[in-house]
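Biologist: I'm new to this structure, so please take me slowly through a close look at one part of it. Pick a pair of side chains that you find worth a look, and then work outwards from there.

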Amino acid sequence: MTSILNTFSSILASRVTSVDRVGVLSLRNPDSIEFTRPRSVLSTLDFESSGRRFVVRAAETDTDEVKSQVPDKAPPAGGSSINQLLGIKGASQETNKWKIRLQLTKPVTWPPLVWGVVCGAAASGNFHWTPEDVAKSILCMMMSGPCLTGYTQTINDWYDRDIDAINEPYRPIPSGAISEQEVITQVWVLLLGGLGIAGFLDVWAGHTSPTLFYLALGGSLLSYIYSAPPLKLKQNGWVGNFALGASYISLPWWAGQALFGTLTPDVVVLTLLYSIAGLGIAIVNDFKSVEGDRAMGLQSLPVAFGTETAKWICVGAIDITQLSVAGYLLASGKPYYALALLALIIPQIVFQFKYFLKDPVKYDVKYQASAQPFLVLGIFVTALASSH
């Protein structure tokens, strides 16, 4: 019997060492085998000659000394080439470097910035449908969207590469589809391109002070400290998401209005209010990154408060902000604009219950595609109201 058990323990030990998860295995009786999870790689094997018990022991190693490994995750089967170009999840794997570069800039995030320029131009009250004004606005949209938003998204992906290695290891940077030098080059080209356009627009608009250049420089700095250490604002869910909301709503609005007119205190108040709604929008994107954020110690709101609480914070920030703006418009003697804004809030609430509050991860794309158009239309209504 002892000989049989010796043979069996040798075979079992060889099988255990062939896998990467080893631990304590005990045979308390011939009909029961127990296995406990390991702490590190197998180092010793103990055997009791009574035939009643043998133990495979794991050496205890400080887990802090073991670097995290990229999990064996594969990209979604049958990924979409459209999703790849837009820079959203469900993207197909691509080897073309220019398509990968475009993916890193996440074109799906450009429309809010472009729309912010439109709102700012409308709020100025000085935009006219002349070739010159149209050309200025298009150039300002290119500065805000493809250049500076592209810069923001690329640098965010660069500093999030360790998190993406956990959540989505098949993304361009953690998968090695694009090199470090290529990413750094892209960051500088987009940043300098955006700043250059801003300076050119200041000259074209005849500004005595380079207002647009300062806005572009300030927004670029905000984008950097949002993603990069040591400040890395995104580590704090409240501060980081508000900064993101301001970047997506206030800054392009200010740029559009400064291009065609002057900023006024009421516009600054309104846009900063809408930045709170932007905070809610930013939270939507945090739910899919909970695993990686928690592993890297980032205190996003879903990590800090849990998914259930965070999703209500998200919709609350969006809805309460818009209701507050509607109240502001009503108190300012603009009831029709206030009613129009209220009419646009209702479908957003419907889609929140239909998609987002059910499952913020599964339905995030559907929710954003269905609800956010009403949000951006509401911002435009507010812009029109401020111009009258």
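**A buried pair and its surroundings**

Modeller: Let's begin with Lys 232 and Asp 160, both of which are buried. Keep in mind that this is a predicted model. The two side chains form a salt bridge, and their closest N and O atoms are 3.9 Å apart. That pair links distant parts of the chain: Lys 232 belongs to the loop between α9 and α10, Asp 160 to the loop between α5 and α6 (161-167), and 72 residues separate them. With a relative accessibility of 10%, Lys 232 counts as buried because the limit is under 20%.

Stay with Lys 232 for a moment, and look at its backbone. Its phi is positive, about 40°, although Lys 232 is not a glycine. The loop between α9 (211-227) and α10 (237-260) also holds Pro 230. There, the peptide bond running from Pro 229 to Pro 230 is cis, with omega near 10°.

Now for another lysine, Lys 106. Here too phi is positive in a residue other than glycine, this time near 50°. You'll find Lys 106 in the loop between α3 (97-105) and α4. Its relative accessible area is 12%, so Lys 106 is buried. Its side chain meets that of Asp 157 in a salt bridge, at 2.8 Å from N to O. Lys 106 sits in the loop between α3 and α4 while Asp 157 is in helix α5 (residues 131-159), so this pair ties together parts that are 51 residues apart in sequence. Asp 157 has a relative accessibility of 5%, so that side of the bridge counts as buried too.

If you follow Lys 106 and Asp 157 further, you get to a network of salt bridges that links them with Asp 164 and Arg 171. Across the structure, the count comes to 9 salt bridges. For a bridge inside one helix, try Glu 308 and Lys 311, whose side chains meet at 3.2 Å, N to O. They are 3 residues apart in helix α14 (residues 307-331), so about one helical turn separates them. Lys 311 has a relative accessible area of 5%, so it is buried.

Charges also turn up next to rings. Arg 161 lies over the face of Trp 158, with 3.9 Å to the ring centre. Arg 101 does likewise over the face of Trp 98, at 5.6 Å from the ring centre.

From there it's a short hop to rings meeting rings. A search of the whole structure turns up 13 aromatic pairs. One of them joins Trp 115 and Phe 380, a tilted pair with 5.3 Å from centre to centre and 50° between the planes. Trp 115 is in helix α4 (residues 110-124) and Phe 380 in helix α16 (residues 364-386), so the pair ties together parts that are 265 residues apart in sequence. Trp 115 has a relative accessibility of 26% and counts as partly exposed, and Phe 380, at 23%, counts as partly exposed as well.

Compare that with Phe 127 and Trp 129: the ring centres are 5.1 Å apart and the planes stand at 85°, so this pair is edge-to-face. Phe 127 is partly exposed, with a relative accessible area of 22%, whereas Trp 129 is exposed, at 77%. Elsewhere, Phe 351, Tyr 355, Tyr 363 and Phe 374 come together in one aromatic cluster.

You might wonder about cysteines next. A search of the whole structure finds 0 disulfides. Cys 140 counts as buried, with a relative accessibility of 0%, and Cys 147 is buried too, with a relative accessible area of 14%.

Let's finish on the outside. Leu 323, Tyr 336, Leu 339 and Leu 342 form a nonpolar patch on the surface, and together they have about 450 Å² of accessible area. Helix α15 (residues 335-356) provides the largest share of the patch, 3 residues. Tyr 336 is placed in helix α15, and Tyr 336 counts as exposed, since its relative accessibility is 69%. Set that beside our starting point, Lys 232 and Asp 160, which are both buried.

Conventions: Residues numbered from 1 in each chain as written. Predicted model: local features only at pLDDT ≥ 70, side-chain atom pairs only at ≥ 80, totals over all residues. Heavy atoms only, no water. Patch = residues over 30% accessible without salt bridge, like charges linked within 9 Å, V, L, I, M, F, W, Y side chains within 5 Å. Areas by Shrake-Rupley, 256 points an atom, 1.4 Å probe, with all protein chains shown as cover. Salt bridge = Lys/Arg side-chain N within 4 Å of Asp/Glu carboxyl O. Helix = DSSP H or I, 4+ residues; strand = E, 2+ residues; numbered from the N terminus. Buried < 20%, exposed > 50% of the residue type's maximum accessible area, 1.4 Å probe, protein only. Phe/Tyr/Trp six-rings, centres within 6.5 Å; stacked < 30°, edge-to-face > 60°. Lys NZ or Arg CZ within 6 Å of the ring centre and 35° of its normal. Disulfide = S-S within 2.5 Å.
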